[in-house]
Amino acid sequence: GGAAGGAGGADSSQSNPPGTKAAAMSAWPPVRLEDMTGPFALQQYLQQLIRADPGDLDTLCAVPKDADAAVWQLEHLRQFTLELNHLVVALRRVCTPAACPMMKATDEWQYLCAAHKTPQECCAVDYATHTLDGTASLLNSTKLFPSRVSVKDASLPYFQSIARRLYRIFSHCHYHHRAEFDSFERKTRLCARFDAFVRAFSLISRDQLIVPRATLAQPGAAAPENDAPTAVRVLGLGGGVMMMYRDACQAALAPEAR
């Protein structure tokens, strides 16, 4: 399972044999994209770029030469979903149902969970888990994304819905678990990468990007007092694409679809 599968096309020198220590994982020389083969070449190349320098945002967002821009976005979304699972695990001791009974960013932004037949409140950890499970199933859907080398035009609207929902995990973590957010961000630059990605491909409107860029440039830096939104917002489903997202997630998570 998971949002990202194995990297096809890699030779035996580009695999982690059983017993490899975490510090020695993927410790092989870089390979040019044109020398990578198979349907997972772009995934493998993206992960190689991240290992080389997770802070090189321009390089990470730039569509490689001769690559399909939609497939590049798809691989980013798969990778973000994969890595966000690690962030949720890092929050396991502080983001409990008792500590965070509702999914919020600031105290003014509350989110409803789309993983249910009718959108409803979930505690933050359940919202994050439901979102990641639903997104992984959506991205692995053979109906919506049957190929790793092309994306159907009809599936493109899901990119924005996926991005908005994944971003809520970052914003909750930033505003409610800042120490854990900063620690994780210093190691991975995951939110900085996500912010740069959604800006580059216009997947989230800028007024909804509420984690200050100053924080992303220097995790641990104090945010300006006026950076937090002030209007009360309760966000659930709205519009046809959102309803499609809910229905697709529910279908993908149904036992008969597994």
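Lys65 is exposed, with a relative accessible area of 74%; exposed here means over 50%, buried means under 20%, and partly exposed is what falls in between (1.4 Å probe, protein chains only). Lys65 sits in the loop between helix 2 and helix 3, where helices (H or I, at least four residues) and strands (E, at least two) are DSSP runs numbered from the N terminus. In space, its C-alpha is 9.1 Å from the C-alpha of Leu33, and the two residues are 32 apart in sequence.

A word on ground rules. This is a predicted model, so local features need pLDDT of at least 70 and side-chain atom pairs count only at pLDDT 80 or more, while totals for chains, interfaces and linings use all residues. Residues are numbered from 1 along each chain as its sequence is written, and side-chain values use heavy atoms, with hydrogens and water left out.

Now zoom out. The protein has nine helices and two strands, and along the sequence they come in the order α-α-α-β-α-α-α-α-α-β-α. Of its 258 residues, 48% are buried. The accessible surface comes to about 12600 Å², with 54% of that belonging to carbon and sulfur atoms; the areas come from the Shrake-Rupley method with a 1.4 Å probe, and for residues only the protein chains shown count as cover. Contacts are heavy atoms within 4.5 Å, and among those with a separation of 6 or more, 70% are between residues 24 or more positions apart.

Follow the loop of Lys65 onward and you get to helix 3. At the start of this helix, a side-chain oxygen of Asp68 comes within 2.8 Å of the backbone nitrogen of Ala70. That helix covers residues 69–90, 22 residues in total, and spans 32 Å from first C-alpha to last, close to the 32 Å expected at 1.5 Å a residue (the expected span is 1.5 Å times one less than the number of residues). Helix 3 is largely enclosed by the rest of the structure, because 16 of its 22 residues are buried.

Helix 1 tells a similar kind of story. It runs over residues 41–52, and its 12 residues reach 16 Å, close to the 16 Å expected. With 10 of the 12 residues buried, helix 1 is also largely enclosed by the rest of the structure. The buried residues include Leu42, Tyr45, Leu46, Leu49 and Ile50, and also Gln43, Gln44, Gln47 and Gln48. What do they pack against? The buried residues of helix 1 pack against helix 2 (57–61), helix 3 and helix 7.

That brings us to the largest nonpolar core, which has 63 residues. A nonpolar core is a set of buried Ala, Val, Leu, Ile, Met, Phe, Trp, Tyr and Cys residues joined through side-chain atoms within 4.5 Å. The members that touch the most others are Leu84, Phe145, Tyr167, Phe170, Phe194, Phe197 and Val198. At least two residues of this core come from each of helix 1, helix 2, helix 3, strand 1 (109–111), helix 4 (124–139), helix 5 (157–176), helix 6 (178–188) and helix 7.

Take Phe197 as a way in. Leaving out residues up to four places away in sequence, Phe197 touches Cys61, Gln73, His76, Leu77, Phe80 and Leu203. Gln73 lies in helix 3 and counts as buried because its relative accessibility is 12%. Apart from neighbours within four places in sequence, Gln73 is in contact with Phe159, Phe197, Phe201 and Leu203.

Finally, the charges. Side chains of opposite charge can pair when their charged atoms come close. The rule for a salt bridge is a side-chain nitrogen of Lys or Arg within 4 Å of a carboxyl oxygen of Asp or Glu, and the count comes to seven. Arg32, Glu34 and Asp35 are linked in a network of them. Within it, Arg32 and Glu34 have their closest N and O atoms 3.5 Å apart, while Arg32 and Asp35 meet at 3.0 Å, N to O. Both Arg32 and Glu34 are exposed, and Asp35 is partly exposed at 44%.

Another salt bridge joins Arg213 and Asp195, with the closest N and O atoms 3.4 Å apart. Arg213 is in helix 8 (residues 213–217) and Asp195 in helix 7 (residues 190–200), so the pair ties together parts that are 18 residues apart in sequence. Is each partner buried or exposed? Asp195 is buried at 2% relative accessible area, whereas Arg213 is partly exposed at 48%.

Methods: A polar contact is a pair of N or O atoms within 3.5 Å; within protein, one must be able to donate a hydrogen and the other to accept it, and residues adjacent in sequence count only if both atoms are side-chain atoms.
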